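Thank you for coming, everyone. Today I would like to talk about salt bridges, and I will put the sequence and the structure on the screen before I say anything about them.

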Amino acid sequence: CNDALAECGAVVSGSENPLFLLNTKASYGITGRRAEDLLGQCHITVNKNMIHGDSETPKETSGLRIGFAASTSRGCTKEQAYEIGKIIDFVLRNQEAGLEEARGKVKGIVSAFKPMETLSYLD
């Protein structure tokens, strides 16, 4: 996901683990709060997050925190994470105009994941 967003020109923190920051203000001209809302409408759960030198308030923020721990436990592959990064970029660039198309793409990817009830965290 991080790589896909970086390839699209987004400002990301860069990380070798499944958690990173996306500077939505510098990348798309929108606050983290707005980006969180748009992505939530597509069933992509992220959190608005302050970034280094943030000019926005903690309520608005200039960034997002994106993580894949829950997705990888359900079987999300690197290829699927990359595709989700492309969807995130598409939604944040197109905002409301991209929501319906993005929902369908997210549904297609998530339908391949393991159902939550089949996961055992005690094994």
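Let me start with one residue, K105, which has a relative accessibility of 35% and therefore counts as partly exposed. Its partner is E101, and the two side chains form a salt bridge in which the closest N and O atoms are 3.2 Å apart. E101, at 44% relative accessibility, is partly exposed too, and both residues sit in helix α6, four residues apart, which is about one turn of the helix. Please keep in mind that what we are looking at is a predicted model.

How many salt bridges does a search of the whole structure find? The search gives five, and I will describe two others besides the pair I began with.

In helix α5, D89 and R93 meet in a salt bridge, with 3.0 Å from N to O, and these residues are four positions apart, so about one helical turn separates them. Here the surroundings are worth reading carefully, because D89 has 7% relative accessibility and counts as buried, whereas R93, at 45%, counts as partly exposed.

The last pair is E96 and R34, whose closest N and O atoms are 2.6 Å apart. E96 lies in the loop between α5 (78–94) and α6 (99–110), while R34 belongs to helix α3 (residues 32–40), so this salt bridge ties together parts that are 62 residues apart in sequence. As for accessibility, E96 is partly exposed at 48%, and R34 is partly exposed at 26%.

Notes: Residues are numbered from 1 along each chain as its sequence is written. This is a predicted model: local features need pLDDT of at least 70, side-chain atom pairs count only at pLDDT 80 or more; totals for chains, interfaces and linings use all residues. Side-chain values use heavy atoms; hydrogens and water are left out. A salt bridge is a side-chain nitrogen of Lys or Arg within 4 Å of a carboxyl oxygen of Asp or Glu. Helices (H or I, at least four residues) and strands (E, at least two) are DSSP runs, numbered from the N terminus. Buried means under 20% relative accessible area, exposed over 50%, partly exposed in between (1.4 Å probe, protein chains only).
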